[in-house]
Amino acid sequence: MSVTQFLNNIGDSLEAGDVLVIADEQSSKPSGSSILVPEVDLTTRSYDTRVCGIVSHVSVTLTPPVSGQERLDSKGKQPAKAGKDADKKRDTRHVQCTAEELADLNQRRIDHGKIGLMVTLGVFADCKVDADIAPIKVGDLLTTSHTKGHAQKVIDPSKAVGAIVGKALGNLKKGKGKIPVLVMLQ
């Protein structure tokens with residue numbers, strides 16, 4: 001499975017299974033690296049060629065226990081500064097926590113300003129889909145939906161070029177829910 005980091009800068013939390021598109025505005029700049037962490041948005045358009053993946057979980061870096069002044073707390077918030085250079089030493093691209101704090105961390109929700117991981121290739125268990133647009137069965141191609149953060153069955157293949165999320169590995173006759181998918185962005 002291939003996963004990629006992303007930055008949630010939409011002002012709201014994302015959760016596992018949300019279908020993501022590349023945000024129109026990219027304000028993040030790589031710091032000392034040529035690898036860009038893209039800013040994302042929830043899909044709100046059918047057949048959106050900006051589709052880039054499905055939310056997997058929070059990007060977590062385990063750190064040894066240190067004083068609360070030198071790391072982020074278990075909710076990812078920055079404590080009061082320990083000194084002038086505290087921010088320079090802290091890697092704020094990850095939620096830093098000890099093994100004990102990891103047990104309390106909600107890894108399936110990515111709050112505003114946090115780094116998450118999205119599945120960009122491979123089998124993934126939880127993709128939000130809207131079967132009210134069209135029933136979904138195993139093998140159907142999926143694309144972005146106008147239902148915020150959801151995928152839908154491809155109804156018009158001529159519109160789907162560049163907007164494929166993947167292939168359904170589960171069925172959903174009607175309603176909104178989560179199904180497993182083979183993610184294969186095309």
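Here are some worked exercises on the structure above.

This is a predicted model, so local features need pLDDT of at least 70, side-chain atom pairs count only at pLDDT 80 or more, and totals for chains, interfaces and linings use all residues. Residues are numbered from 1 along each chain as its sequence is written, and side-chain values use heavy atoms, leaving out hydrogens and water.

**Exercise 1. Work out what surrounds Arg50.**

Step 1: place the residue. Arg50 sits in the loop between β4 and β5; strands here are DSSP runs (E, at least two residues), numbered from the N terminus.

Step 2: check the burial. Arg50 has 19% relative accessibility and counts as buried. The cut-offs are under 20% relative accessible area for buried, over 50% for exposed, and partly exposed in between (1.4 Å probe, protein chains only).

Step 3: list the polar contacts. The Arg50 side chain has a polar contact of 3.0 Å with the side chain of Asp24 and another of 2.9 Å with the side chain of Asp48. A polar contact is a pair of N or O atoms within 3.5 Å; within protein, one must be able to donate a hydrogen and the other to accept it, and residues adjacent in sequence count only if both atoms are side-chain atoms.

Step 4: add the charges. Asp48 and Arg50 form a salt bridge, with the closest N and O atoms 2.9 Å apart. The term means a side-chain nitrogen of Lys or Arg within 4 Å of a carboxyl oxygen of Asp or Glu. Asp48 is buried, at 1% relative accessibility. Zoom out and you get a network of salt bridges linking Asp24, Arg45, Asp48 and Arg50.

**Exercise 2. Find where the salt bridges of Glu15 and Lys153 lead.**

Step 1: get the total. The structure holds nine salt bridges.

Step 2: follow Glu15. Its partner is Lys128, and the closest N and O atoms are 2.8 Å apart. This pair links distant parts of the chain, with Glu15 in strand β2 (residues 14-15) and Lys128 in strand β9 (residues 115-130), 113 residues apart. Glu15 is partly exposed at 37% relative accessible area, while Lys128 is buried at 13%.

Step 3: follow Lys153. Lys153 pairs with Asp140, and here the closest N and O atoms are 3.7 Å apart. Lys153 lies in strand β11 and Asp140 in the loop between β9 and β10 (141-144), so the pair ties together parts that are 13 residues apart in sequence. Lys153 is partly exposed at 22%, and Asp140 is buried at 9%.

**Exercise 3. Describe the setting of Gln152.**

Step 1: Gln152 belongs to strand β11 (residues 151-153) and is buried, at 2% relative accessibility.

Step 2: its side chain makes a polar contact of 3.3 Å with the side chain of Ser46.

Step 3: not counting residues up to four places away in sequence, Gln152 touches residues including Tyr47, Asp130, Leu141 and His146. Touching means heavy atoms within 4.5 Å.

**Exercise 4. Identify the neighbours of β4 in the sheet.**

Step 1: Strand β1 (residues 2-8) and strand β4 (residues 39-42) pair in the parallel sense over two bridges; strands pair if DSSP finds at least two bridges between them. The bridge partner of Leu7 in β4 is Glu39.

Step 2: Strand β3 (residues 19-22) runs antiparallel to β4, joined by three bridges. Ile22 stands opposite Val40 in β4.

Notes. Helices (H or I, at least four residues) and strands (E, at least two) are DSSP runs, numbered from the N terminus.
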